Amino acid sequence: MKDSLMTGMQLAARWQCSVKKLNADRLNTGGCPYVKIGRLVRYRVEDVETFEAQQLRRNTSEGYHHA
């Protein structure tokens, strides 16, 4: 399943969030990498797994940068 593509609905179900949130994250460039084929947006399973691993935190201040 490494080369499989997921729809926004599939990823939203996996992350228990809305497709609308995924769309907003994509627009704000803070979301998971995606593939765009014509008008279709798809997420590669390997990119989703990498993105999830990058989100791991040990405490609430990890990953926070002062401006």
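Here is a short walk through this structure, point by point.

1. **What you are looking at.** This is a predicted model. The protein chain has 67 residues, and buried residues make up 18% of them. The chain contains three helices and three strands, and reading along the sequence gives the pattern β-α-α-β-β-α.

2. **The sheet.** A good place to begin is the three-stranded sheet, which is open and has the order E1-E3-E2, with antiparallel pairing. Strand E1 (5-6) and strand E2 (35-37) are the edge strands, each pairing on one side only. Strands of a sheet pair through backbone hydrogen bonds, and the pairing can be parallel or antiparallel.

3. **How the strands are matched.** E1 pairs with strand E3 (residues 40-44) over two bridges, in the antiparallel sense. To find this pairing on screen, look for Met6, whose bridge partner in E3 is Tyr43. E2 and E3 are also antiparallel, joined over three bridges, and here Lys36 has Val41 of E3 as its bridge partner.

4. **The hairpin.** E2 and E3 form a hairpin with two residues between the strands. Gly38 in this hairpin takes a positive phi near 65°.

5. **Two faces of E3.** In a regular strand, side chains alternate between the two faces of the sheet. Which residues lie on each face of E3? Val41 and Tyr43 make up the covered face, while Leu40, Arg42 and Arg44 are on the uncovered one. Helix H3 (residues 45-54) lies across E1 and E3, and runs at about 65° to E3.

6. **Helix H1 and its buried side.** Within helix H1 (residues 8-15), the buried residues are Gly8, Leu11 and Ala12. These three sit on the same side of H1 because they cover an arc of only 100° around the axis. In an α-helix there are 3.6 residues a turn, so residues three or four places apart point the same way. The face of H1 turned away from the buried side carries Met9 and Ala13, which are exposed.

7. **What H1 packs against.** The buried residues of H1 pack against E1, helix H2 (19-27), E3 and H3. Ala12 is worth a closer look: leaving aside residues up to four places away in sequence, Ala12 touches Cys17, Ser18, Val19 and Leu22. After H1 comes Gln16, which has a positive phi near 55°.

8. **The core.** Which residues make up the largest nonpolar core? There are ten in all: Met6, Leu11, Ala12, Leu22, Cys32, Val41, Tyr43, Val45, Val48 and Phe51. H1, E3 and H3 are the elements that give two or more residues to this core, and the largest share, three residues, comes from H3. Several residues from the earlier points return here, including Leu11 and Ala12 of H1, which are buried, and Val41 and Tyr43, from the covered face of E3.

9. **The chain as a whole.** Of the contacts in the protein chain with a separation of 6 or more, 47% are between residues 24 or more positions apart. The chain exposes about 5500 Å², and carbon and sulfur atoms supply 52% of that area.

Note on methods. Residues numbered from 1 in each chain as written. Predicted model: local features only at pLDDT ≥ 70, side-chain atom pairs only at ≥ 80, totals over all residues. Heavy atoms only, no water. Pairing = 2+ DSSP bridges. Helix = DSSP H or I, 4+ residues; strand = E, 2+ residues; numbered from the N terminus. Contact = heavy atoms within 4.5 Å. Axes fitted to C-alpha atoms, helices over the stretch in contact; angles between N-to-C directions. Buried < 20%, exposed > 50% of the residue type's maximum accessible area, 1.4 Å probe, protein only. Arc of directions from axis to C-beta. Areas by Shrake-Rupley, 256 points an atom, 1.4 Å probe, with all protein chains shown as cover. Core = buried A, V, L, I, M, F, W, Y, C linked by side-chain atoms within 4.5 Å.
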